[in-house]
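Grab the viewer and a pencil: here is a set of short exercises, each with a worked solution. Try each task before you read on.

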Amino acid sequence: MDLAHTRIAGTTVLSPAGRIDHATAEAFKAALAPHVARCAAGQDRLVLDFGAVEYISSAGLRVLMLAAKQAKVQGGILAVAALQPIVREIFEISRFTLVLNVFATLDEALAA
Amino acid sequence: MAWRSSSDGTPLSNAERSHWSERRWLRALRGARGRPLGVGLLVVLLLLLLAPEGWVSLLRPLRLAVFDAYQHQAPRARRSAPALIVAIDDASLRHLGQWPWPRTWLATLVDRVAEGRPAAIALDILMPEPDRLSPGRLPGLITGLAPDAVAGLQRLPSNDAVLAHAIRSHQVVVPMAGLDGEGLGAGGRRAPVRAFGADPLPFLRRFDAALRNLDEIDGAGGGHGLLSVDIERGVVRRVPLMAAVGPSLVPTLAIETLRVAAGVPAFAVRASARGVESVGVGDLVVPTEADGSVWIHYSPHDPSRFVSAADVLAGRVAPHLFERKLVLIGVTAVGLSDHQATPVADRMPGVEIHAQLLEDIFDGSLLSRPRWVGLVEGGLLAAGGLLLILAVPHLSARRSAGLLVALIVVLIALGSLLYLKVGILLDGAAPALSLSVLYTAMLVVTLAEGESQRRALRLEIARQREAAARLAGELEAARRIQLGSLPRAADVFANETRFDLYAFLDPAREVGGDLYDFFPLDADRLFFLIGDVSGKGLPGSLFMTMSKALCKGAALRQDGRVARVLGEAHTELSRDNAEGLFVTVLAGTLNVSTGELEYCNAGHETPYLLPRRERSLRRLDGGGPPLCAVDDFAYAATSLRLAPGDTLCLVTDGVTEAMSASGELYGRSRLASVLSRLGDAVSASHVGEAVRSDVESFAAGAERADDVAILVLRWIGPGATGR
């Protein structure tokens with residue numbers, strides 16, 4: 001999975017796209033890993049721009065959960081922003097809003 | 001004992017005897033796709049090709065056939081006509097009578113030719129014995145001659161003397177024939193030869209002796225040349241320009257005639273350590289093969305080379321025809337059979353072969369096969385062979401055959417081109433044949449290897465099938481165990497009238513990560529849960545089993561207080577969760593006597609309370625993250641009082657996220673609309689089956705991606721039994 005990434009004012013923004021399900025979760029995890037490794041105290045914040053993500057399965061949620069746990073251990077900040085309605089519903093039902101910082105828009109995430 | 005190892009002398013057991021294809025030396029030969037074998041074979045073929053003449057003659061007939069084919073297909077075109085043949089032909093015998101003629105006639109013939117002032121005359125007729133038709137011998141043949149007639153005859157000169165006189169007068173070259181295995185010696189006159197460089201004698205074609213003319217005639221000759229040609233496999237291709245008779249060097253008739261014509265006293269033979277290089281007459285230098293021979297480049301039989309002896313004797317031939325010609329007098333009559341096979345004709349008069357040699361020498365059109373040609377042939381074979389050895393194992397049979405054909409075409413084209421343009425004899429056929437042999441061997445080895453690979457592949461496939469079948473069998477057993485661990489309402493709550501339960505679980509693969517459970521805590525309270533592990537297949541199913549067991553244990557220990565149950569299950573599950581899996585769980589405790597419901601949702605699909613009378617479909621919100629997702633989360637329970645007839649429907653995301661063949665999600669709104677219509681359903685199974693069949697028809701034709709679980713709980717009421 002390609003992860004477009006940009007850097008905006010002390011924040012690394014990653015923009016995954018498409019479906020994150022059992023077929024793509026491992027690739028997503030591998031693409032995410034180096035960024036998560038750098039997400040630590042005193043480093044860039046990491047914001048996942050989910051604007052182009054159409055669907056996320058529990059396998060994808062698990063990748064996010066592991067990333068969030070690692071970031072937390074390292075003292076870094078990891079957030080997700082701009083969820084599409086279906087993905088937002090999945091986050092809300094699974095209460096992943098409690099696992100990760102979720103922002104309605106990328107601007108909100110950058111401002112936080 | 002055929003099977004006896006050489007090292008210790010003990011017989012080999014059956015186990016130690018390997019199948020031939022397993023033997024190490026054979027494997028080594030065939031290793032690397034048969035290349036060691038190919039290289040070995042190429043070396044043998046090279047040795048055969050480069051072996052000196054006479055060592056191994058496997059390829060020689062083929063080579064000669066190729067050279068003959070060149071000449072047969074493209075014979076030399078006659079440019080000059082230095083030689084003229086006076087032929088004692090069939091017409092001559094018809095007019096003048098049987099052969100041998102009296103030698104006086106030959107003397108007349110020589111005189112007539114000489115009148116035309118030729119450059120030289122050579123006799124291609126060998127006369128070792130005296131003429132029996134000489135006058136002095138006639139009395140022995142004719143009886144009844146008068147004594148004075150006999151005396152008169154005996155006073156006349158012999159025919160041989162008459163011929164010797166003519167020969168001496170016109171410096172006619174006379175022949176001799178090389179003999180093998182007879183000790184007649186090589187006495188008599190011959191032209192002197194000066195040798196330059198190495199001694200040519202050891203290299204030259206060797207005759208033990210020579211059969212010469214009668215001394216009287218031989219002594220009169222202006223030159224002495226050998227008639228002998230080399231007949232190899234019945235065909236005259238080469239003539240020794242210079243040969244050894246005993247210890248002496250003797251020229252062939254044609255070049256001796258040239259010497260006499262040029263008035264040069266001696267030949268010059270040049271030789272090196274590798275053999276004879278050339279034979280020279282005055283300014284003329286003719287390069288030769290190492291043995292002093294030359295390859296005749298034939299033109300077809302040509303009648304214009306000949307005049308009939310009868311015509312010459314009858315004065316019907318203009319004398320100027322002989323002017324400055326090399327005139328060869330020979331016998332061509334069919335009955336007198338001095339004919340040889342040549343590459344261009346099956347029967348060619350011997351005297352014409354000498355004439356053709358003279359033409360070749362004049363025009364510089366002799367063929368040659370220098371030393372380097374053999375090396376070039378070897379180099380071509382080596383290069384082509386290595387190419388085949390490298391390429392054949394990688395190419396398809398059709399392509400490698402194409403490569404072979406291309407190589408053969410190149411070889412034959414090169415050979416033809418060298419013959420046509422520069423008269424060099426390069427044999428493309430022997431390397432081509434060798435390459436074909438090599439190709440066949442490489443192909444067989446490659447095919448054999450492919451066959452054994454296919455065999456190995458078949459074995460491997462069979463082994464994998466067996467392994468897959470074994471795994472499938474184990475998975476099938478795991479499925480039975482997993483599904484068997486799920487309770488069945490009819491068994492657990494037989495004769496239950498206060499509530500009604502429907503449970504359904506269908507893993508996407510053999511085993512899955514969805515779970516449900518229900519059991520009575522006591523006479524009035526029912527504990528139930530539905531859950532979904534973030535994983536499928538074997539890993540998901542193991543975590544599912546663990547989750548189910550831990551939740552049940554926690555439920556029993558915490559007496560059904562669901563927030564504590566999930567808190568404890570969360571702690572226990574998180575303790576040994578190396579894979580970082582999580583599980584969503586909705587757990588509830590229903591007091592079936594009062595309708596009091598307490599539930600707690602850990603990140604699971606929101607449960608629905610089905611519509612009833614004035615109430616519409618209701619989602620039971622609230623809860624926390626999945627178990628194991630967030631450390632130390634304090635789960636909180638929600639309480640609710642059901643009315644008799646209320647129905648709860650719990651599903652996993654295998655329902656809400658089922659996908660149609662066109663890639664559309666089933667979705668929660670679709671579930672909600674189905675459930676909205678089921679408010680007055682009479683049983684839990686009615687609701688459950690309705691949901692299940694709606695999802696199944698929606699997802700028909702699409703690949704199942706996720707496990708599906710449905711749990712429907714309908715509270716009928718406190719019950720008449722009053723339990």
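**Exercise 1: a hairpin and its sheet**

E10(B) and E11(B) run antiparallel and are joined by four bridges. Keep in mind that you're looking at a predicted model.

Task: find which residue stands opposite Val245(B), then work out which strands stand at the edges of the sheet.

Solution.
- Step 1. Start at Val245(B) and look across to E11(B): the residue opposite is Ser248(B).
- Step 2. Check the loop between strand E10 (242-245) and strand E11 (248-251) of chain B, and you'll find Pro247(B) in it. Pro247(B) is exposed, since a residue counts as exposed with 12 or fewer other C-beta atoms within 10 Å and Pro247(B) has 8.
- Step 3. Now look for Phe207(B): Pro247(B) is 40 residues away from it in sequence, yet the C-alpha atoms are 9.4 Å apart in space.
- Step 4. Put the sheet together. The order is E5-E10-E11 (chain B), an open sheet of three strands with mixed pairing. Strand E5 (205-207) and E11 of chain B are at the edges; each has a single partner strand, so one side of each has no neighbour in the sheet. On average, neighbouring strands here are turned by 35° against each other, direction ignored.

**Exercise 2: a five-strand sheet in chain B**

Task: give the order of the five strands in the open, antiparallel sheet of chain B, and say where helix H17 (residues 562-575) of chain B lies.

Solution.
- Step 1. Trace the strands across the sheet: E21-E22-E23-E24-E27 (chain B), with antiparallel pairing.
- Step 2. Go to the edges. Strand E21 (514-520) and strand E27 (638-641) of chain B each have a single partner strand, so each has one side without a neighbour in the sheet.
- Step 3. Get a feel for the twist: neighbouring strands are turned by 15° against each other on average, ignoring direction.
- Step 4. Zoom in on the E27(B) edge. Strand E24 (residues 596-602) of chain B runs antiparallel to E27(B), with four bridges joining the two, and Leu597(B) stands opposite Leu640(B).
- Step 5. Add the helix. H17(B) lies across strand E23 (583-591) and E24 of chain B, and runs at about 150° to E23(B).

**Exercise 3: a covered strand in chain A**

Task: take strand E4 (residues 45-49) of chain A and work out how many of its residues are buried, and which residues point which way.

Solution.
- Step 1. Count: five of the five residues of E4(A) are buried, so the strand is mostly covered, taking 20 or more other C-beta atoms within 10 Å as the cut-off for buried.
- Step 2. Recall the general pattern: in a regular strand, side chains alternate between the two faces of the sheet.
- Step 3. Sort the residues. Arg45(A), Val47(A) and Asp49(A) point one way, while Leu46(A) and Leu48(A) point the other way.
- Step 4. Look for partners. Strand E2 (residues 11-15) of chain A pairs with E4(A) in the parallel sense over four bridges, with Thr11(A) opposite Arg45(A). Strand E6 (residues 78-81) of chain A also pairs with E4(A) in the parallel sense, over four bridges, and here Leu78(A) is the bridge partner of Leu46(A).
- Step 5. Zoom out: along the sequence, chain A reads β-β-β-α-β-β-α-β-α-β-α, which amounts to four helices and seven strands.

**Exercise 4: two helices side by side**

Task: helix H14 (residues 429-485) and helix H16 (residues 537-557) of chain B pack together; which residues make the contact?

Solution.
- Step 1. Take the geometry: the angle is about 25° and the axes are 11 Å apart. Angles under 35 degrees count as roughly parallel, so H14(B) and H16(B) are roughly parallel to each other. Their crossing is left-handed.
- Step 2. Pick out the contact residues: Ala478(B), Gln482(B) and Ser485(B) on H14(B), and Ser541(B), Thr545(B) and Lys548(B) on H16(B).
- Step 3. Sort them by class: one nonpolar, four polar and one charged.

**Exercise 5: where the chains meet**

Task: which helix of chain A gives the largest share of the side that touches chain B?

Solution.
- Step 1. Set the scene: 14 residues of chain A are in contact with 20 residues of chain B.
- Step 2. Helix H2 (58-74) and helix H3 (85-93) of chain A each supply at least two residues of chain A's side. The largest share, six residues, comes from H2(A).
- Step 3. Finish with the classes: chain A's side has nine nonpolar, three polar and two charged residues.

Definitions and conventions:
Residues numbered from 1 in each chain as written. Chains lettered and ligands numbered in written order. Predicted model: local features only at pLDDT ≥ 70, side-chain atom pairs only at ≥ 80, totals over all residues. Axes fitted to C-alpha atoms, helices over the stretch in contact; angles between N-to-C directions. Parallel < 35°, antiparallel > 145°, perpendicular 65-115°, else oblique. Left-handed = near helix turned anticlockwise from the far one by under 90°. Contact = placed C-beta atoms within 7 Å. Nonpolar A, V, L, I, M, F, W, Y, C, P; charged D, E, K, R; others polar. Pairing = 2+ DSSP bridges.
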